[in-house]
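Reader: I would like a close look at a single part of this model, followed outward to whatever adjoins the description. Please take the time to connect the details rather than list them.

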Amino acid sequence: MDSNIYPGSTDSHTHILEMKDKGLDVDQLLSDVFSNGMEYILDASVNEENFSERLEYKKRFPGIFISAGIHPNDIKDIELQTNSIREQIQTGHVSAIGETGLDFHWDTVSAERQKEMFRVHIQLSKEFDLPLIVHNRLADKEILEVLKSEKASNGVIHCFSSNFHFVKKFVDLGFYISFAGNVTYKKSEEIREAVRHVPLDRILVETDAPYLAPQKKRGRLNYPGYIGYTIDCIADIFNLGADETAQLTTQNFLNLFHSREAIDGK
């Protein structure tokens with residue numbers, strides 16, 4: 001696959017095993033992106049399964065960070081899944097909690113169960129001093145309510161897709177904001193307007209691969225090698241160079257996901 005990677009880039013949110021399930025040769029792709037300038041990739045968890053396989057990728061590629069958590073659509077048995085997350089954190093290889101949050105697009109898990117599991121993740125984040133990765137789909141107000149009630153202030157709102165009113169509220173709570181390929185879409189002016197209201201030291205970029213391929217690659221499976229298209233968009237909004245934006249967002253990533261193991265491993 002072709003790629004667009006600036007030196008020192010970071011993909012702050014991707015799904016390695018979901019790329020693999022879609023038929024991508026992730027072993028080769030990961031080798032290629034790290035050889036072509038990628039600095040770090042965070043493999044975001046959606047459930048408690050396959051942790052050992054995800055950990056193997058981290059061990060093979062020192063630039064990979066991994067999280068532990070349950071996507072709101074993957075909630076089954078809260079107690080059992082919480083115990084699994086805790087065990088994964090205790091391996092010492094986990095750099096974040098999530099992705100967690102609320103998703104009101106699909107009617108698969110009740111809002112109350114989603115909120116219950118979201119609060120569990122927040123408590124784990126505090127207990128282990130690890131940042132949250134927050135998933136938000138059609139739940140701006142409810143996400144804010146839970147974060148405020150639990151006094152959560154450490155994490156990132158991933159794949160931000162709301163307006164500037166809400167981006168300011170999340171930033172004021174202390175959260176970083178991550179933008180994915182959908183910020184490049186022709187009809188995403190509202191998201192691009194939100195970008196303008198985020199301090200430069202709070203911005204991350206991601207692919208959310210294999211989903212949300214950027215505008216120039218729409219219709220294809222996404223992968224970390226396309227991170228440069230999102231960086232281009234952010235750079236244009238702030239009138240910065242793409243290389244500078246790549247380095248800036250990587251430093252922000254390290255400031256949030258402060259894993260000495262991952263940093264020293266480089």
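Reader: How do the residues of the lining of the largest pocket divide into nonpolar, polar and charged?

Author: The model is a predicted one, and everything said here about the pocket should be read with that in view. The residues that line the largest pocket divide into nine nonpolar, ten polar and seven charged. The pocket that they surround has a volume of about 710 Å³, and of its 26 lining residues those closest to the centre are H71, D103, H135, R137 and D208. Two elements give two or more residues to this lining, namely β4, which spans residues 94-103, and β5, which spans residues 132-137. Of the elements, β5 gives the most, with three residues.

Strand β4 deserves a second look for its backbone, since a cis peptide bond joins G98 and E99, with omega at about 15°, and E99 has its place in this strand. A further cis peptide bond joins A209 and P210, where omega is about 10°; P210 is placed in the loop between β8 (203-205) and α9 (227-238). In sequence numbering, A209 follows D208, and D208 is among the residues closest to the centre of the largest pocket.

For comparison, the second largest pocket has a volume of about 200 Å³. It is lined by 15 residues, and L17, E18, V46, N47 and N50 lie nearest its centre. Here the elements that give two or more residues are the helices α1 (16-21) and α3 (51-60), and α1 provides the largest share of the lining, five residues. By class, this lining has four nonpolar, four polar and seven charged residues. One residue near the centre has a backbone feature of its own: N50 has a positive phi of about 60° although it is not a glycine, and N50 lies in the loop between β2 (38-43) and α3.

Beyond the pockets, the packing of the helices can be followed through α6, residues 140-149, whose axis comes within 11 Å of the axis of α7, residues 164-173, and crosses it at roughly 15°. Because angles under 35 degrees count as roughly parallel, that crossing makes α6 roughly parallel to α7. The crossing of these two helices is left-handed. In their contact, D140, K141, I143, L144, L147 and K148 of α6 meet F166, K169, F170 and L173 of α7, and the residues divide into six nonpolar, no polar and four charged.

Helix α6 also packs with α5, residues 111-128, and here the axes come within 10 Å and cross at roughly 40°, which makes α5 oblique to α6. The crossing of α5 and α6 is right-handed, whereas that of α6 and α7 is left-handed. On the α5 side the residues in contact are K115, F118, R119 and I122, and they meet E142, I143, V146, L147 and S149 of α6. By class, this contact has five nonpolar, one polar and three charged residues. Read together, the two lists of contacts place I143 and L147 of α6 in the contact with α7 and also in the contact with α5.

Note on methods: Residues are numbered from 1 along each chain as its sequence is written. This is a predicted model: local features need pLDDT of at least 70, side-chain atom pairs count only at pLDDT 80 or more; totals for chains, interfaces and linings use all residues. Side-chain values use heavy atoms; hydrogens and water are left out. On a 1 Å grid over the protein atoms alone, a cavity is a set of points where a 1.4 Å probe fits but cannot get out, and a pocket is an open set with protein on both sides within 12 Å along at least five of seven lines; lining residues have an atom within 4 Å of a point. Grid points are joined across faces, edges and corners, and a volume is the space filled by probe spheres set on the points. Helices (H or I, at least four residues) and strands (E, at least two) are DSSP runs, numbered from the N terminus. Ala, Val, Leu, Ile, Met, Phe, Trp, Tyr, Cys and Pro count as nonpolar, Asp, Glu, Lys and Arg as charged, and the others, Gly among them, as polar. Axes are lines fitted to C-alpha atoms, for helices over the stretch in contact, and angles run from 0 to 180 degrees between N-to-C directions. Angles under 35 degrees count as roughly parallel, over 145 as roughly antiparallel, 65 to 115 as roughly perpendicular and the rest as oblique. A crossing is left-handed if the near helix is turned anticlockwise from the far one by less than a right angle, and right-handed if clockwise. Contact means heavy atoms within 4.5 Å.
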